[in-house]
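Here are a few friendly notes to read alongside the coordinates. Please have your viewer open as you go through the points.

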Amino acid sequence: MPEGLKRIVEPFMALAPGKRLLVGGVVLACLLSFALLIMLANRTDYRPLFTNLASEDAGEIVKKLKEAKTPYQITPDGKGIMVPADKVYELRLSLASEGLPQGGGVGFEIFDRKNFGMTEFVQKLNYQRALQGELARTITQISGVEQARVHLVIPEKTLFKEAEKPPTASVVLKMKGNKNLRDNEVQGVVHLVSSSIEGMNADNVTVLDSRGKILSKGGNGMADASAKATSAMQETQRGYERNVEERLQTLLDRVVGGGKSVARVSATFDFKQVERVEEKFDPETIAVRSEQRSEEKAGGSAVSTGVPGVQTNLGRTAPGAGGAAGGGSKNDETLNYEVSRSTSRTVEPVGTLSKVSVAILVDGKYETGAPGKDGAAGKAKYVPRSPDELQKIEALVKGAVGFNQERGDQISIQNIAFQDAGEAAGSTESAKWWMNPFFLTLFKNLMIALGFLALMLFVVKPMLNTLRAARPARPDILEAIVPDAQEKMSASERAQLAMHMAEQQELMEKAKTNPYQVAQILQNWLGESS
């Protein structure tokens, strides 16, 4: 046994059994704790590669990871795969180049496998499955959609147009978290499906979410149109309110500072469609509608009368049968007048803003108090804003929203302290600071260093002191001291001393050959003396 190790082992074996057990237990516990800290610090940090995967995609990705000999872990739900943090983005790009994940379902890759024995029925069925899978993958790309399932019903074509049935489709959407699709996004899904299938009408597509709520029901006629119109009105109102709130918040942040104000807007719109037709008559103004004139005149020439015939035509009339006209005139005139009339048709715009209500919360100012006796900063004091400042802010808000008092618009500005909200925000920022990977790694290394320091100070050092105290006396030191003492002794004392030294030398030799037994004897002597 080496000399250094022997000097540690022999004093340890010379301790009482209870002390040996205590020291050994403490050393073992410290070593296990230190080993555990090292394992935690050097443990591989796994991060999600993909989550909510379909079983087909998960199987393909695991196969690729095994081929690349990349370590991975599968989440307890079986829908996620985790890989080392330093390889997440590299693997995502690599798998994306191979078309993974595909988004679940079967797409047109089903036709990549050649099967010469495939019947026409199976081929049509595979084509329908491919359409459903490709549509589901496309719909999943919409923001907020986690999963999508598409079911198609494509009837067989017939010889007669009247006997054909139109194709129909049903779409089930699973949203991420509590997100909801807007009406225009739902209509986008409906038109995407209807445009992808030959002969399908948008009225034959039904969309619902994973909770069973119908988002769009095909073939509902006027009721569906009314629901869409109502949804569009609500979306218009919400969009206007969000737009005004963003503009006000940007303006207030420049005036009072970021996080020092909150703006909320409530708008009321009039969605009634009004059409007016007006017809006015002006009795003071008349106009000629129609005019008719006729005029008749007769001169003084002779007029032959008698029996029609040749004699009469030759002027040979019987006496008293003819005479001369004395002459005459006739004049007729008719005028029709119309009263002046004007007609106007007015259609008022739909969605007219009828009222705007604005609520503004503004934080005050904080002044640092006088420092304390120990030099620490004083407690911040809240100072409300002056009425002049609030009036200026109110004037800016009125100009930004187009305030109209005749319309009944309302604006309320309140000055309230935001101190509690500021402290909560500070705690949130500190939590984000601790979640930084750099600081997590630094914290792990610091804990290892503190554990090693505690092991050295509270375990190793006390144990070494205990072992030094239990170390037996060195014979070479005794031999150096004895010659000085022998000069002052008599002959008999020297002989007795020599005998004792010989006995001591013999005991030392026996102790070297069997140190454990000697330690047990010494413990028994100490126990009897105590």
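1. Of the 530 residues in the protein, 18% are buried (under 20% relative accessible area, with exposed meaning over 50% and partly exposed in between; 1.4 Å probe, protein chains only). This is a predicted model, where local features need pLDDT of at least 70, side-chain atom pairs count only at pLDDT 80 or more, and totals for chains, interfaces and linings use all residues. Residues are numbered from 1 along each chain as its sequence is written, and side-chain values use heavy atoms, leaving out hydrogens and water.

2. The protein has 14 helices and 16 strands (DSSP runs numbered from the N terminus: H or I of at least four residues for helices, E of at least two for strands).

3. You may like the open sheet, in which three antiparallel strands follow the order β1-β3-β2 (strands pair if DSSP finds at least two bridges between them). Its edge strands, each pairing on one side only, are β1 (46–50) and β2 (73–74). Four bridges link β1 with β3 (residues 81–84), and Pro 48 sits opposite Met 82 of β3.

4. Two helices are worth a look here. Helix α3 (residues 55–67) lies across β1, β2 and β3, at about 25° to β3 (axes are lines fitted to C-alpha atoms, for helices over the stretch in contact, and angles run from 0 to 180 degrees between N-to-C directions). Helix α4 (residues 88–97) packs on the sheet, touching β1 and β3, with its direction about 20° from that of β1 (contact means heavy atoms within 4.5 Å).

5. Finally, Phe 281 is found in strand β9 and is exposed, with a relative accessible area of 52%.
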